[in-house]
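Colleague: Please take a close look at one kind of contact in this model. I would like to hear about the salt bridges, one by one.

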Amino acid sequence: MTSSNDSLARRNVAVLVAAQAILGSQITMIFVVGGLAGQQLSPLACFATLPISLIVFGSMTTAPWLSPFMQRFGRQAGFYIGALGGLIGSAISAYAITISSFALFLVGSYLTGIYMSAQGFFRFAAADTASESFRPKAISYVLAGGLVSAIIGPQLVSWLTYDNPDATVMRYLPVYYAAIALNVIGMGLFVFLKIPKPAVIAPGDDRGRTLTELLTTPRIAVAVICAMVSYSLMNLVMTSTPLAVVGCGYGVSDASNVVTGHVLAMFAPSFFTGHLIARFGVERIMGLGLAILGVAGIVALQGVELTNFYIALVLLGLGWNFGFIGATTMLASAHAPSERGRVQGINDMIVFGMVTVASLASGGLMNCSGGSAVEGWTAVNLAMVPFLVLAGGALIWLVLRPLAA
């Protein structure tokens, strides 16, 4: 869309911001308690973060079919499916807690991943009706809706668990009841979304480049790599943070507050990230994001005081914001409308596939790579190094390529 009239895009952005704020709160809530509940339900400590991994795995396996589904039936239909998945997933997880079933808890976590996948497409939906100049701002505004979820989610966890003296997994049951309610409330928002369905591609019409051609296009390839690294490293560290904070002698409320600071840092910059991209260029902002992720790891390795956790997780969120919004903006401008379903679907499958690996590795590194929480936390942060080298190298290669190539 090239029209300078972005009134429809602004309306859609407003709806998506509200959806991100309300529905997105369930993800921050479940990421805080999922590993803690998993630690009590799992027969092995190394599998504590497996519920988080199943959420991300659910998102990874949903993206390849949900994106083409939305290409055919529209964004609204896909977002309703996502919210329904979140509702059913939270209900199953709640029941699993009542019967102390780790296996059923994993099933509920997987279904929650259907919502997480749908939420990932909010950013692309914001770009669907936006002009080229408004597109980076639209994407960043929608992600800014996560600022509200950053406040609602972890604080709900603190409120719902603070006065509960139960030391068993049952203390986390109200959190999943709250997640059910958020899905019910959030579903009503999609009635106000107005995104035209893409034109149906008739037999013989140009379907654009093949999947191989798309993935070997330099800007698409680098966008996918940087999105994958930014998101997976953020997830690697954030997933193990509640375990590290509690393992170092602090309380669940401290873990919730650290995650609140982290998620605020993930989304608060979104109010100006789009403007920074428009002014300085997407490559510079992506590079800055990767550098900040590296600094976050350095801070985390300096000690396990509560201040270290706060600073490291705030930097982690900021680095994710610049890296991920930059990569999304680069990807959204590198393909034609007819290629949208395939490109966005395969992008999110690759991104969340790596995030799944990261969340699985997070629990193993945290609980099984040393004899203490400090040693586990150190291993988690050292694991960031090779991936930052990969993404930084890919971005430098793209920048140094001849413009005509």
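Modeller: Here is a walk through three of the salt bridges, with the setting of each partner. Keep in mind that this model is predicted. The structure holds four salt bridges.

Start with arginine 123 and aspartate 348. Their side chains meet in a salt bridge, at 3.0 Å from N to O. Arginine 123 sits in helix α6, residues 122-128, and aspartate 348 sits in helix α16, residues 340-368. The two are 225 residues apart, so this pair links distant parts of the chain. How accessible are the partners? Arginine 123 has 3% relative accessibility, so it counts as buried, because the cut-off for buried is under 20%. Aspartate 348 has 1% and is buried too.

Next come arginine 209 and glutamate 339. Their side chains also form a salt bridge, 3.0 Å from N to O. Both partners lie in loops. Arginine 209 is in the loop between α9 (173-187) and α10 (211-215). Glutamate 339 is in the loop between α15 (306-332) and α16. The pair therefore ties together parts that are 130 residues apart in sequence. Glutamate 339 is buried, at 3% relative accessible area. Arginine 209 is partly exposed, at 26%.

Last, take glutamate 283 and arginine 219. They form a salt bridge whose closest N and O atoms are 2.9 Å apart. Glutamate 283 belongs to helix α14, residues 282-300. Arginine 219 belongs to helix α11, residues 218-247. They are 64 residues apart, and again distant parts of the chain are linked. Glutamate 283 is partly exposed, at 25% relative accessible area. Arginine 219 is partly exposed as well, at 32%.

Terms used:
Residues are numbered from 1 along each chain as its sequence is written. This is a predicted model: local features need pLDDT of at least 70, side-chain atom pairs count only at pLDDT 80 or more; totals for chains, interfaces and linings use all residues. Side-chain values use heavy atoms; hydrogens and water are left out. Helices (H or I, at least four residues) and strands (E, at least two) are DSSP runs, numbered from the N terminus. Buried means under 20% relative accessible area, exposed over 50%, partly exposed in between (1.4 Å probe, protein chains only).
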